[in-house]
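Open your viewer, switch on a cartoon view and keep the selection box handy. We will go from stop to stop, with something to select at each one.

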Amino acid sequence: MKKINTALTIAGSDSSGGAGIQADIKTMTVNGVYAMSVITALTAQNTTGVSGIMEVTPDFLAQQMDAVFSDIRPDAVKIGMVSSGALIEVIADKLAEYEAQNVVVDPVMVATSGARLISEEAIETLKSRLLPLAAIITPNIPEAGVLSGEKIESFADMEKAAMRIGDTYQSAVLCKGGHSVNDANDFLYAEKQGCWLRGKRIDNPNTHGTGCTLSSAIASFLARGEKLPTAVRRAKEYLTGALEDGMDLGKGSGPLNHAYQIVK
């Protein structure tokens with residue numbers, strides 16, 4: 001009988017398939033792990049925007065997490081969109097109860113289309129309950145600004161924000177470029193050390209779900225036993241390839257081809 005490493009995504013469903021749970025499952029599958037999901041919300045969305053969000057109840061969220069952890073324990077957990085403080089409390093409680101490992105938190109606050117996905121009270125709960133449980137936090141520049149209280153307009157600002165977040169929550173931080181500062185260079189801060197991960201700028205306006213994809217890829221490689229810096233680098237390489245594929249779907253910012261390595 002064959003064993004396989006496992007990863008769990010806790011996030012919202014994207015009806016257009018480009019972000020959220022759907023992007024996470026595709027990413028985890030093609031990167032060699034068995035993917036499981038706990039859904040925090042259903043969204044009605046496509047490449048042009050989000051038109052509706054319907055949250056699950058805290059009790060049902062807890063039931064989903066119990067169902068997963070009591071049967072097929074995940075080797076890594078990726079957490080994406082969670083729009084209310086009550087749901088974040090449940091996730092934090094269950095992660096602590098089951099002593100979850102390799103927790104990757106993508107602090108999703110705003111969709112690629114610009115739609116706000118999280119309330120102010122949920123941000124405070126995220127900071128106090130969930131971020132301290134993370135092995136790595138993967139904010140983009142606007143999110144890093146919110147979490148650090150820093151105004152980010154330069155490479156030095158990215159470094160300062162990442163260090164402040166990492167030191168505050170005792171977690172590794174990947175501060176992602178791509179929003180106003182640069183298009184492809186990310187700053188990784190882990191164990192009091194920082195390094196730049198240089199990336200190739202790709203002229204592709206279709207970036208729906210890039211954050212979900214990167215964080216899920218990191219979780220996949222952590223689940224497979226890779227050390228954190230290697231997991232981040234391999235995830236970044238995977239995302240670059242998905243962007244380079246140049247798939248073009250939808251009327252807005254389209255999704256990536258998560259299966260670019262196997263579908264020619």
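A salt bridge here is a side-chain nitrogen of Lys or Arg within 4 Å of a carboxyl oxygen of Asp or Glu. With that in hand, select Asp66, Lys94 and Glu97: a network of salt bridges links them.

Before moving on, a word on the input: this is a predicted model, in which local features need pLDDT of at least 70 and side-chain atom pairs count only at pLDDT 80 or more, while totals for chains, interfaces and linings use all residues. Residues are numbered from 1 along each chain as its sequence is written, and side-chain values use heavy atoms, with hydrogens and water left out.

**The sheet**

Colour the strands next. Helices (H or I, at least four residues) and strands (E, at least two) are DSSP runs, numbered from the N terminus, and two strands pair if DSSP finds at least two bridges between them. You should find an open sheet of nine strands with mixed pairing, in the order β3-β2-β1-β4-β5-β6-β7-β8-β9. Its edge strands are β3 (49-55) and β9 (193-197), each pairing on one side only.

Zoom in on β2 and β3, which form a hairpin with two residues between them. They run antiparallel and are joined by six bridges. Select Leu42 and you will see Met54 of β3 opposite.

Now go to residues 172-175 and 186-190. These are β7 and β8, paired in the antiparallel sense over three bridges. Here Leu174 stands opposite Leu188 in β8.

**A helix across the strands**

Select residues 85-97. This is helix α3, which lies across β1 (6-14), β2 (34-46), β3, β4 (76-79) and β5 (103-105). Contact means heavy atoms within 4.5 Å. The helix runs at about 170° to β4; axes are lines fitted to C-alpha atoms, for helices over the stretch in contact, and angles run from 0 to 180 degrees between N-to-C directions.

**Three more salt bridges**

How many salt bridges does a search of the whole structure find? The search finds 13. For the next selections, buried means under 20% relative accessible area, exposed over 50%, and partly exposed in between (1.4 Å probe, protein chains only).

- Select Lys78 and Asp24: their closest N and O atoms are 3.0 Å apart in a salt bridge. Lys78 is in strand β4 and Asp24 in helix α1 (residues 20-30), so this pair ties together parts that are 54 residues apart in sequence. Both Lys78 and Asp24 are buried.
- Select Glu150 and Arg164: this salt bridge has its closest N and O atoms 2.9 Å apart. Glu150 sits in the loop between α5 (141-148) and α6 (155-169), and Arg164 in helix α6. Glu150 counts as buried at 16% relative accessibility, whereas Arg164 is partly exposed at 41%.
- Select Lys236 and Asp186: their salt bridge has closest N and O atoms 2.9 Å apart. The pair links distant parts of the chain, with Lys236 in helix α8 (residues 228-244) and Asp186 in strand β8, 50 residues apart. Lys236 is buried, with a relative accessible area of 12%, and Asp186 counts as buried at 6%.

**Last stop: the surface**

Turn on the surface and select Ile4, Tyr34 and Ile72. Together they make a nonpolar surface patch of about 270 Å². Patches consist of residues with over 30% relative accessible area and no salt bridge, with like charges joined within 9 Å and nonpolar side chains (Val, Leu, Ile, Met, Phe, Trp, Tyr) within 5 Å. Accessible areas come from the Shrake-Rupley method with a 1.4 Å probe; for residues, only the protein chains shown count as cover. Tyr34 lies in strand β2 and is partly exposed, with a relative accessible area of 42%.
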